[in-house]
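The exercises below go from one residue out to a whole chain. Try each task with the structure in view before reading its solution.

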Amino acid sequence: MYRAIVVDDEEMIRNGMSRQIETMGLSIKVVAKAKDGVEALEHFHTYTPDILLMDINLPRIDGLECIRRIREMNQICVIIIVSGYDEFEYARQAIKHNVDFYMLKPVEDDEFKTVIQQAIAKYNNRIEQQNIISRFTEQKPKPRSTVIEFINTHYTQKELSSEILEKEFNLSRTALFKLMKELTGMSFVEYLTMLRINYSIRLLKEDKTIGEISNLSGYADQYYFSRVFKKKTGFTPTEYRENMERER
């Protein structure tokens, strides 16, 4: 049985989503409901849910701040934002805090069930990876923070690859994959992409061309960089820059 928490400041929506989730036939139990951010954090500490459904506009502590605090202590829980706000800044913050799904109210029944099914699959995958890593680390200790420090130092270098890490730290590809999952919850490529895209977002605030930003962020091909950027943020680099300029 999967555990879920539903957070929304409107009682009707809280209760409606909870009933809907529990009648999907997906073995999910809504273990708690919260009307504000403080309650959400308290319930999260108490129940450690597998799936968290969170509104953004909440009293006391807003949804994005709740998610930031939760992600500091838990990378396994699947987080779904269910919000009436279709705004660029919210989407950007959601990406920053590793939100898994972002749905806009009102949510159609079919879409809601599909996302919940995907959330379960993602949670199962994270648990499976965690179990593999646990078995692996019990058998053989591996370098830990040094690998991350190396990536954090060299991520803008175009030649950085899993092969370089394997050679540098004497790791097999499987061992590197498991270590990255344990330390970051992501594969090497996912972690590298996150660092590069976050860096490129900072560079977009400067007077640089997209080609220059691509090159400085570790991408040799500007068009490939733009495709990756849009996949991660939902916007092209140019669109992202225009949105930031409008918000100033």
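**Exercise 1.** Find which residues serine 200 touches, leaving out residues up to four places away in sequence.

Solution. The model is a predicted one. Step one: list the contacts of serine 200, which are Ile213, Ser217, Phe225 and Phe229. Step two: place the residue; serine 200 lies in helix 9, residues 188-203. Step three: judge its cover. The relative accessible area of serine 200 is 0%, and a residue counts as buried under 20%, so serine 200 is buried.

**Exercise 2.** Check whether the length of helix 9 agrees with its number of residues, and name its buried residues.

Solution. Step one: helix 9 has 16 residues, and at 1.5 Å a residue they should span 22 Å. The expected span is 1.5 Å times one less than the number of residues. Step two: the end C-alpha atoms of helix 9 are 23 Å apart, so the two values agree. Step three: the buried residues of helix 9 are Phe188, Tyr191, Leu192, Thr193, Leu195, Arg196, Ile197, Ser200, Ile201 and Leu203.

**Exercise 3.** Describe the surroundings of strand 3 (residues 51-54).

Solution. Step one: sort the side chains. Ile51 and Leu53 point one way from strand 3, Leu52 and Met54 point the other way, and all are buried. Step two: find the partners. Strand 1 (residues 2-7) pairs with strand 3 in the parallel sense over four bridges, and methionine 54 is the bridge partner of valine 7. Strand 4 (residues 78-83) also runs parallel to strand 3, joined to it by four bridges; here isoleucine 79 stands opposite leucine 52. Step three: follow the chain. Strand 3, helix 3 (residues 63-73) and strand 4 form a β-α-β unit, and the unit is right-handed.

**Exercise 4.** Determine whether the radius of gyration of the protein chain agrees with that of a compact globule.

Solution. Step one: for 248 residues, a compact globule would have a radius of gyration near 18 Å. Step two: the protein chain has 20 Å, which agrees. Step three: add the other totals. The secondary structure comes to twelve helices and five strands. Along the principal axes, the C-alpha atoms fill a box of roughly 55 × 55 × 30 Å. Of the 248 residues, 44% count as buried. The protein chain exposes about 13400 Å², with 47% of it supplied by carbon and sulfur atoms. Among contacts between residues at least 6 apart in sequence, 62% join residues at least 24 apart.

Conventions: Residues are numbered from 1 along each chain as its sequence is written. This is a predicted model: local features need pLDDT of at least 70, side-chain atom pairs count only at pLDDT 80 or more; totals for chains, interfaces and linings use all residues. Side-chain values use heavy atoms; hydrogens and water are left out. Helices (H or I, at least four residues) and strands (E, at least two) are DSSP runs, numbered from the N terminus. Buried means under 20% relative accessible area, exposed over 50%, partly exposed in between (1.4 Å probe, protein chains only). Contact means heavy atoms within 4.5 Å. Two strands pair if DSSP finds at least two bridges between them. A crossover is right-handed if, with the strands pointing away from the viewer, the path from the first strand over the helix to the second runs clockwise. The radius of gyration is taken over C-alpha atoms; the globule rule is 2.2 Å times the number of residues to the power 0.38. Accessible areas come from the Shrake-Rupley method with a 1.4 Å probe; for residues, only the protein chains shown count as cover.
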